[in-house]
Amino acid sequence: MSEKEKAGCPVLEVFRLGIDFGGLTAVDDFNMVIHASEIAGLIGPNGAGKTTVFNLLTKVYQPTRGKILLDGKDTSGMNTIQVNKAGIARTFQNIRLFDKLSVEDNVKIGLHNHTKYGMWSGIFRLPKYWSEEKRIHNEALELLSIFDMQDLANATAGSLPYGAQRRLEIVRALATEPKLLLLDEPAAGMNPSETAELMENIRKIRDKFQIAVLLIEHDMSLVMGICENIAVLNFGKIIAQGNPSQIQSNPQVIEAYLGKKKEV
């Protein structure tokens, strides 16, 4: 365990986050704390504002109000690239790969954050370029091996089955060396055995890279089986936070998902 984990310093602190689109308040008074190596969940009915929260954390949208601290550093004024370099990586609800590039090249794009050769080395193919390309190639294969995908390195990303594309998107996000990994519905479209495998792989990723994970997911077996803390969003506001057993028995959560029981 690192000194930071021993000290209990949060990776992410979100204070009173909100965003308005014209007269519509999409997210309001959102607060969250995630610690190093924690697996947390963000759940709620369709349209609750979950993906909007991810877009705020990654600066796809700039917040109307509130503050986001990453490792204690205020991300105000950062753009999406700066936030990624600071340590937040994500996957998307709808898969966003470079379909016509190889599997390995998709991962290399993520590794671009940490390449150590300059423009002239690249143009003139100087020794530094070749040594870095070899290092990046080896790193890409090592990352792909997390999901046993190293043998698919030369395949075209768009030719992969749906589940493999989902896994590749996670690998590409990991390539940016995040402190916090945001997974937007990672089990969407997966069968039960694939979901169970994904659950184990998320734990493996957390343990191997010592990073925090925040996931949005509708598969409650995955959420309750892997998340240590869960926040429930409804109409842009958090209505409950706690561990899986607390969330499962919370009347407000049950009402949000199932509706209010009619009085007879």
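**Figure 1. Residue G18 stands opposite R65 of strand 4 in the antiparallel sheet**. The model is predicted; local features require a pLDDT of at least 70 and side-chain atom pairs a pLDDT of 80 or more, while totals for chains, interfaces and linings use all residues. Residues are numbered from 1 along each chain as its sequence is written, and side-chain values use heavy atoms, with hydrogens and water left out. Strand 1 (10-21) and strand 4 (residues 65-70) run antiparallel and are joined by five bridges. Two strands are taken to pair if DSSP finds at least two bridges between them. Helices (H or I, at least four residues) and strands (E, at least two) are DSSP runs, numbered from the N terminus.

**Figure 2. The hairpin of strand 1 and strand 2 has two residues between its strands**. Eight bridges connect these two antiparallel strands. One bridge partner in strand 2 is I34, which is matched with L12. Within the hairpin, G22 adopts a positive phi near 65°.

**Figure 3. The open sheet comprises four strands in the order 2-1-4-5**. Its pairing is antiparallel. Strand 2 (24-35) and strand 5 (73-74) each have a single partner strand and stand at the edges, so one side of each lacks a neighbour in the sheet. Strand 5 is held to strand 4 by two bridges in the antiparallel sense, and K73 of strand 5 stands opposite L70. Helix 2 (residues 50-57) lies across strands 1, 2 and 4, and runs at about 115° to strand 1. Axes are lines fitted to C-alpha atoms, for helices over the stretch in contact, and angles run from 0 to 180 degrees between N-to-C directions.

**Figure 4. Residue N79 occupies the loop between strand 5 and helix 3 (80-86)**. The side chain of N79 reaches the backbone nitrogen of Q82 at 2.8 Å. A polar contact is a pair of N or O atoms within 3.5 Å; within protein, one must be able to donate a hydrogen and the other to accept it, and residues adjacent in sequence count only if both atoms are side-chain atoms. N79 and V60 are 19 residues apart along the chain, and their C-alpha atoms are separated by 7.6 Å. The relative accessibility of N79 is 36%, and the residue therefore counts as partly exposed (buried means under 20% relative accessible area, exposed over 50%, partly exposed in between, with a 1.4 Å probe and protein chains only).

**Figure 5. Residue N106 is buried** **in helix 4 (residues 103-111)**. Its relative accessibility is 0%. A polar atom of the N106 side chain lies 2.9 Å from the backbone nitrogen of F98. Apart from neighbours within four places in sequence, N106 is in contact (heavy atoms within 4.5 Å) with L97, F98, L101, A157, L168 and R172.

**Figure 6. Helix 4 passes helix 7 in a right-handed crossing**. A crossing is left-handed if the near helix is turned anticlockwise from the far one by less than a right angle, and right-handed if clockwise. The axes of helix 4 and helix 7 (residues 162-174) come within 7 Å and cross at roughly 30°. From helix 4, the contact is made by V103, N106, V107 and G110; from helix 7, by L168, V171 and R172.

**Figure 7. Strand 7 (180-184)** **pairs in parallel with strand 6 and with strand 8**. Strand 6 (residues 88-90) is joined to strand 7 by three bridges, and five bridges link strand 7 to strand 8 (residues 212-216). L180 of strand 7 stands opposite I88 and also opposite A212 in strand 8. Five of the five residues of strand 7 are buried, so this strand is largely enclosed by the rest of the structure. L180, L182 and D184 lie on one face, and L181 and L183 on the other; both faces are covered.

**Figure 8. Residues D148 and E177 have a positive phi although neither is a glycine**. Most residues other than glycine have a negative phi. D148, with a phi of about 55°, is placed in the loop between helix 6 (127-144) and helix 7. The relative accessible area of D148 is 62%, which makes this residue exposed. E177, with a phi of about 60°, is found in the loop between helix 7 and strand 7.

**Figure 9. The mean pLDDT of the chain is 90**. The pLDDT is the predictor's confidence in each residue, from 0 to 100. A value of 70 or more is reached by 90% of the residues. Over residues 1-7 the pLDDT is below 50, and this stretch has six contacts in the model beyond near neighbours in sequence.
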